[in-house]
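Dear colleague,

Please find below the structure I agreed to pass on to you. My notes on what was found in it follow directly after.

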Amino acid sequence: MLKGLAITPPVLGRISIGKVVEKNGKRLPEKDDQFTITSQVQSRDGWLLHPLDEELRNGQDGKLRSIPIRLLFNEPDLNFRADYSLFDRTTGRQRCVGNGDTCKRLTKDGIQSLPCPSPDGCSLAQGNACKPYGRLNVVIGDDDLLGSFMFRTTGFNSIRTLAARLHYLQAISGNRLACLPLELRLRGKSTRQSHGTPIFYVDITVRNGLSMEDALLEAKQLEETRQASGFDQTALDRAARQGFNNGAFEGSEEDTGAIVEEFFPAAEDSPRNAEPPLQPAAPAKPSLAQKLESKSLQSGSDQSARAH
């Protein structure tokens with residue numbers, strides 16, 4: 001195994017609740033109210049749809065808002081990894097990954113382990129450059145039990161909900177998370193920050209039409225069938241953890257450009273490759289108190305001039 005290269009689950013396609021569109025010459029992320037399942041092939045117009053997208057969409061009146069899935073691993077943290085990630089918007093490379101306690105950072109001296117104060121307390125994270133970043137791998141269909149579809153998100157609602165659900169489902173199933181019949185479900189809600197506009201996030205539940213008791217019985221039966229066939233789930237989880245730990249950063253060079261474009265847009269930044277200005281920086285915008293003081297001084301000066 002090559003040292004320094006994270007070995008991640010094979011990816012057959014991606015799941016998203018948005019897309020990247022071009023506006024005023026810039027490619028910017030645009031949210032949606034449904035799932036889209038894409039392949040790993042890209043054209044000039046974007047990522048090509050995976051055949052499963054049309055297949056699942058036809059049974060839901062055209063709006064894909066739930067996807068039947070299974071998980072690869074029994075350990076929640078293997079199925080869904082979430083951390084604070086900082087990407088270089090120019091090169092697309094990942095520069096720092098942390099958990100709020102410690103981080104691995106790419107420096108001029110190589111990769112170093114340093115304290116992680118979280119984005120609110122980190123000088124490198126200014127300008128929304130560092131965000132919580134989650135990756136979920138799921139299995140769709142029965143054709144390839146080790147091939148997965150990846151859902152990526154920087155949304156707090158999706159990250160919090162997915163992490164909670166996976167740990168709860170692992171607990172109540174007796175560590176049979178990989179055998180549960182589950183589905184990804186799109187949910188919406190309005191918050192004060194969204195000003196009443198619905199925002200959408202991803203949840204995991206048992207499949208539609210199944211009670212929790214039915215799902216647990218099915219998971220137990222599938223586990224017994226797999227064990228009888230020689231399927232070693234414990235060894236699979238162990239191999240996956242070793243693969244993730246083999247590299248400092250999970251993302252590959254070919255993926256980072258698309259990740260930065262979708263989740264870390266540089267709309268608020270200066271144009272790429274722009275030279276720094278040579279003239280002195282413009283003075284800061286005066287505060288209201290400074291404006292009133294200036295007006296008062298100007299008024300006094302005018303009265304003095306008229307008196308003379």
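I begin with the largest cavity, to whose lining strand β6 gives the largest share, 3 residues. Please bear in mind throughout that this is a predicted model. The cavity count comes to 1, taking those of 30 Å³ or more, and the space in the largest cavity is about 90 Å³. Its lining has 14 residues, and those closest to the centre are Cys 96, Arg 105, Cys 116, Cys 122 and Cys 130. Two or more lining residues come from each of β5 (80–87), β6 (94–98) and β7 (102–107).

As to the chain overall, its secondary structure consists of 7 helices and 12 strands. Of its 308 residues, 36% are buried. The exposed area is about 18,900 Å², with 50% of it supplied by carbon and sulfur atoms. Taking contacts between residues at least 6 apart in sequence, 63% join residues at least 24 apart.

The salt bridges deserve a closer look, and the count for them is 11. Three pairs are described here.

- Asp 33 and Arg 65 meet through their side chains, with an N to O distance of 3.0 Å. This pair links distant parts of the chain, since Asp 33 is in strand β2 and Arg 65 is in the loop between α1 (51–57) and β4 (66–69), 32 residues apart. Arg 65 has a relative accessible area of 36% and is therefore partly exposed.

- Glu 218 is paired with Arg 70, and their closest N and O atoms are 3.0 Å apart. Here too distant parts of the chain are linked: Glu 218 belongs to helix α4 (residues 212–229), while Arg 70 sits in the loop between β4 and α2 (76–79), 148 residues apart. The two partners fall into separate classes of exposure: Glu 218 is partly exposed because its relative accessible area is 28%, whereas Arg 70, at 15%, is buried, the cut-off for buried being under 20%.

- Arg 135 forms a salt bridge with Glu 250, the closest N and O atoms lying 2.9 Å apart. Arg 135 is in strand β9 (residues 130–138) and Glu 250 is in the loop between α5 (233–245) and α6 (253–263), so this salt bridge ties together parts 115 residues apart in sequence. With a relative accessible area of 5%, Arg 135 counts as buried. Arg 135 and Glu 250 also belong to a network of salt bridges together with Arg 81 and Asp 83.

Strand β2 (residues 26–43) also holds Val 41. This residue is partly exposed because its relative accessibility is 46%. Leaving aside residues up to four places away in sequence, Val 41 touches Gly 46, Trp 47 and Leu 48. The C-alpha atom of Val 41 is separated by 8.8 Å from that of Gly 13, although the two residues are 28 apart along the chain.

Lastly, there is a nonpolar patch on the surface, made by Leu 2, Leu 5 and Ile 7, with an area of about 290 Å². Leu 5 belongs to the segment before β1 (11–23). Its relative accessible area is 43%, so Leu 5 is partly exposed.

With kind regards

Notes: Residues numbered from 1 in each chain as written. Predicted model: local features only at pLDDT ≥ 70, side-chain atom pairs only at ≥ 80, totals over all residues. Heavy atoms only, no water. Helix = DSSP H or I, 4+ residues; strand = E, 2+ residues; numbered from the N terminus. Buried < 20%, exposed > 50% of the residue type's maximum accessible area, 1.4 Å probe, protein only. Contact = heavy atoms within 4.5 Å. Patch = residues over 30% accessible without salt bridge, like charges linked within 9 Å, V, L, I, M, F, W, Y side chains within 5 Å. Areas by Shrake-Rupley, 256 points an atom, 1.4 Å probe, with all protein chains shown as cover. Salt bridge = Lys/Arg side-chain N within 4 Å of Asp/Glu carboxyl O. 1 Å grid on protein atoms, 1.4 Å probe; cavity = no way out; pocket = protein on both sides within 12 Å on 5 of 7 lines; lining within 4 Å. Points joined across faces, edges and corners; volume = space filled by probe spheres on them.
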